Structures are given as C-alpha cells and as structure tokens.
Amino acid sequence: MCEILNRIWSRPRGEWSRAVRRELPAVAARLAEELQRSTPAFSAVAQRIGPEATRTAVEQALLQTLGLGPEAAAGRIPQPRRKPARVVTAMPGTRARQALFAALADDRCIPSDVLAELAGQAGWPLPRRVRAVVLAAPGDVPSPSPHLVPQPSPQLTSQLAAALGQGLPGTVEADLCLLIPDPGPRARPALDAALEAALGGRPAAVGHSVPVTEAAASLRWARRLLGLAGTVNGPGGRVAFVDDHLSDLIVLQDESLARALSVRWLRPLDDLTPRQSERLEVTLLAWLESGGAPEAARTLNVHPQTVRYRLRQIEKLFGPAMREPHSRFELELALRSRRLLARARLLRSRAHGTARAVGAAVQPLGSAGRARVNGL
C-alpha cells in the first residue's frame with residue numbers, strides 16, 4: 001500500500017486517474033494471489049466466487065483504503081479524503097451481477113447499503129424475499145478440474161428468466177444457481193409448472209423462502225436437497241422443493257447422528273431376522289405416522305388384525321416406550337432415519353456401479369407386496 005500510495009500521490013493531480021487505472025488492477029491481482037496462498041479462509045471464498053469476482057473485491061477494498069469515491073473508475077480522482085469512506089466501484093453489468101450474487105451467497109452479514117449499491121449497478125432490484133433454484137451440473141458430469149467451475153448456460157438462464165421472471169444467476173462450486181423473487185405460497189403451482197417446462201426434465205431443487213439478506217441459507221439447503229433428491233424424493237423426482245422435505249433434511253443433516261439415533265432406539269429388533277425386523281419397522285412407522293391400527297392397515301394394504309398382531313409383538317420388544325410421547329417421537333425419527341439412510345446407501349452403491357442389496361433396508365411405506373403375510 002505504501003508503494004502504490006507513493007507512486008500515485010507523487011504525481012500531479014491531473015495524472016492521478018491514469019496512475020490509479022494503471023496500478024490498481026495489477027496490485028489487486030497480486031494481492032489476491034498472495035491472500036489465497038497465505039489465508040485458507042480467503043482461498044476458500046475465492047474458489048467459490050471465481051477469480052474475476054475475487055480480484056474485483058480486492059480492488060474495491062484498495063479503493064476504500066485509499067479513500068477514493070466511485071468516480072475513480074470513471075477517471076475523475078479527487079483529492080484524497082482524510083477519513084476513508086466505504087466504496088463500491090462502478091462495474092460493468094455482468095461483473096456487478098457476479099459481485100451481487102457472490103455477496104448474497106456469502107453467509108457473512110453484508111451491510112444493506114453495500115447490497116443496495118451492488119443491486120443498483122447490477123440492475124437487479126432487491127426483492128424483499130427470495131428463493132434459490134439450484135440446477136444439476138450439465139449431464140451430471142463432474143468438472144475435470146476442481147478449479148474449473150461451470151458457468152450458467154446463457155440459453156438455460158434466458159429460458160428460466162423468461163419462465164420465472166427476473167432472476168440473478170451465479171455459481172456455487174459446481175452448481176448452477178438462480179436467485180428469484182419469492183412469488184408467494186399461492187404461486188407455488190405456477191412456479192413448479194414453469195420450472196418443469198423450462199428445465200425439460202433436468203433435475204433441480206428450489207430452496208425455501210427467505211429474506212433477501214439470508215439468500216445463502218436458501219442456496220445451502222437447495223444444494224443439500226439436490227444432493228439428496230433421490231433419497232428423499234424418489235428416483236422419478238425432477239424438481240424438488242425444500243418446503244416439501246423439511247423434516248427429511250433435518251433428519252439427514254448429520255448422517256452420523258441419524259445412525260446413532262437408529263441404533264439406540266431400534267436395538268430391540270437386533271435379534272430378529274432381517275425379514276422380521278423389516279415388517280415390524282414398517283408397521284411401527286405406519287402406526288406412529290397414522291395414529292391407529294386401521295389407518296396403518298390401509299397404509300400397508302393389509303388386514304387390521306395383521307397390524308394388531310404385529311403391534312403386540314412390538315410392545316413386547318419396546319415396552320413402556322410405546323406409551324410415552326417423547327419416546328414415540330424419537331422412535332419415529334429413528335425409523336425415518338433408517339429408511340432414508342438405507343435408500344441413500346442404495347443410491348450410492350448404484351452410482352458406483354455396485355448395485356447390490358442393502359441388507360435389511362426398510363422399503364418406502366405402501367409396498368403392499370412385502371407386507372401381506374399374517375404375523376411375523
């Protein structure tokens with residue numbers, strides 16, 4: 001900083017603009033490179049937002065430190081102020097939109113006036129609430145290099161913009177993303193239909209509605225849902241909404257804890273055969289979710305007497321836990337965790353070309369063919 005200040009302020013005032021235009025980009029690039037090498041946290045952010053947005057952010061910080069106003073980018077450099085002021089430099093539209101998306105996708109709190117300036121330069125009025133739309137990478141083929149981040153397809157972006165209204169595109173790691181103004185709960189069917197039509201069968205996940213300053217949360221959970229879409233939405237799901245899978249996402253937030261919960265509460269089933277254990281698990285989960293034997297029988301497509309017989313076996317195994325609300329709640333969580341984890345393991349094994357049985361995996365409720373035998 002001392003070096004650049006000496007070179008700029010040693011020149012006549014009329015040459016300051018030329019000095020700044022000539023010096024700042026190279027210094028910003030060098031500084032960004034050094035920060036990535038020496039600061040892991042900065043390096044992680046730089047990889048997420050890309051080299052151009054990183055250099056732009058460093059350049060803005062340098063201008064702020066120098067106390068120069070936005071007119072610096074236009075070549076009109078005033079005398080340095082005694083008190084440095086916060087500055088967001090004027091940027092071309094594409095760079096401004098990239099910078100705005102990077103700011104909204106960051107978990108850190110960005111001052112509202114900074115967001116407003118970036119939004120003004122990007123030509124994207126900040127909505128009150130937004131939703132994230134996250135698309136699977138083209139062809140679901142990983143990038144050949146972790147440093148090469150795919151950019152949003154202009155054609156796809158324009159199709160989505162036409163279908164959804166004004167959106168702010170960007171990338172988070174390998175995922176193509178779009179932030180859209182939240183149309184409200186009543187517009188959900190129209191949003192779903194528009195996405196299906198625009199995407200043409202391409203997998204996508206839609207985040208929950210959040211204030212625009214919390215857009216990073218909607219992006220984070222939409223990306224998480226996209227990674228779990230086959231687990232929570234079944235193989236036929238194309239566009240998945242976080243709103244429809246809130247409990248599943250909470251259960252699978254930490255798979256290690258989910259497994260620990262299942263092991264703790266389902267230990268009474270360990271001495272049974274896999275087939276016996278599976279039947280009791282689907283029966284118990286159907287009973288807990290529906291609240292009665294007749295309702296569980298309809299869910300499983302079996303006779304109510306079959307459900308009552310199995311419930312008597314379950315009560316012998318679990319004892320007082322069947323009558324305590326807190327225990328029933330944790331039992332339901334444990335059963336849902338085991339079902340979701342089993343499906344996730346099966347999907348992972350198929351993805352690696354090793355489609356094999358997953359032992360006593362609990363099948364989704366409603367598979368009548370596996371629950372017709374009376375008793376265990």
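**View 1. Salt bridge between Asp244 and Arg188.** In this predicted model, where local features need pLDDT of at least 70, side-chain atom pairs count only at pLDDT 80 or more, and totals for chains, interfaces and linings use all residues, the side chains of Asp244 and Arg188 form a salt bridge with an N to O distance of 2.6 Å. The term salt bridge stands for a side-chain nitrogen of Lys or Arg within 4 Å of a carboxyl oxygen of Asp or Glu. Asp244 sits in the loop between S6 and H10, and Arg188 belongs to helix H8 (residues 188-199), so that the pair links distant parts of the chain, 56 residues apart. Helices (H or I, at least four residues) and strands (E, at least two) are DSSP runs, numbered from the N terminus. Asp244 is partly exposed at a relative accessible area of 45%, and Arg188 is also partly exposed, at 23%. Buried means under 20% relative accessible area, exposed over 50%, and partly exposed in between, with a 1.4 Å probe and protein chains only. Residues are numbered from 1 along each chain as its sequence is written, and side-chain values use heavy atoms, with hydrogens and water left out.

**View 2. Salt bridge between Arg131 and Asp243.** The side chains of Arg131 and Asp243 meet with N and O 3.0 Å apart. Arg131 is part of strand S1, while Asp243 is in the loop between strand S6 (239-241) and H10, so this salt bridge ties together parts that are 112 residues apart in sequence. Arg131 is buried, with 9% relative accessibility; Asp243 is partly exposed, at 32%.

**View 3. Salt bridge between Arg338 and Glu281, and a salt-bridge network.** The closest N and O atoms of Arg338 and Glu281 are 2.8 Å apart. The pair ties together parts 57 residues apart in sequence, because Arg338 lies in helix H15 and Glu281 in helix H12. Glu281 is buried, with 2% relative accessibility, whereas Arg338 is partly exposed at 22%. Elsewhere, Glu52, Arg55, Glu59 and Arg95 are joined into one network by salt bridges that share partners. In total, 16 salt bridges are counted.

**View 4. Packing of helix H12 against helix H14.** Helix H12 (residues 274-290) and helix H14 (residues 304-318) pack with their axes 10 Å apart, at an angle of about 100°. Axes are lines fitted to C-alpha atoms, for helices over the stretch in contact, and angles run from 0 to 180 degrees between N-to-C directions. H12 and H14 are therefore roughly perpendicular to each other, a term that covers angles of 65 to 115 degrees, with under 35 counted as roughly parallel, over 145 as roughly antiparallel and the rest as oblique. From H12, the contact involves Arg279, Leu280, Thr283, Leu284 and Trp287; from H14, Val307, Arg310, Leu311, Gln313, Ile314, Leu317 and Phe318. Contact means heavy atoms within 4.5 Å. By class, the residues of this contact are 8 nonpolar, 2 polar and 2 charged. Here Ala, Val, Leu, Ile, Met, Phe, Trp, Tyr, Cys and Pro count as nonpolar, Asp, Glu, Lys and Arg as charged, and the others, Gly among them, as polar.

**View 5. Surroundings of Thr283.** Thr283 is found in helix H12 and is buried, with a relative accessible area of 0%. Leaving out residues up to four places away in sequence, Thr283 touches Leu300, Val307, Arg310 and Ile314.

**View 6. The largest nonpolar core, around Leu104.** The largest nonpolar core has 38 residues, and those with the most contacts inside it are Leu100, Phe101, Leu104, Trp124, Leu168, Leu179 and Leu219. Such a core is a set of buried Ala, Val, Leu, Ile, Met, Phe, Trp, Tyr and Cys residues joined through side-chain atoms within 4.5 Å. Among the elements that each supply at least two residues are helix H5 (93-105), strand S1 (129-135), strand S3 (175-181) and helix H9 (215-233). H5 gives the largest share, 7 residues. Leu104 touches Leu115, Trp124, Leu168, Leu179, Val212, Ala215 and Ala216, residues up to four places away in sequence not being counted. A second, separate core of 24 residues includes Leu284, Leu285, Leu300 and Met322.

**View 7. Gly319 and Pro268.** Gly319 is placed in the loop between H14 and H15 and counts as buried at 15% relative accessibility. The C-alpha atoms of Gly319 and Pro268 are separated by 9.9 Å, with their positions 51 residues apart along the chain.
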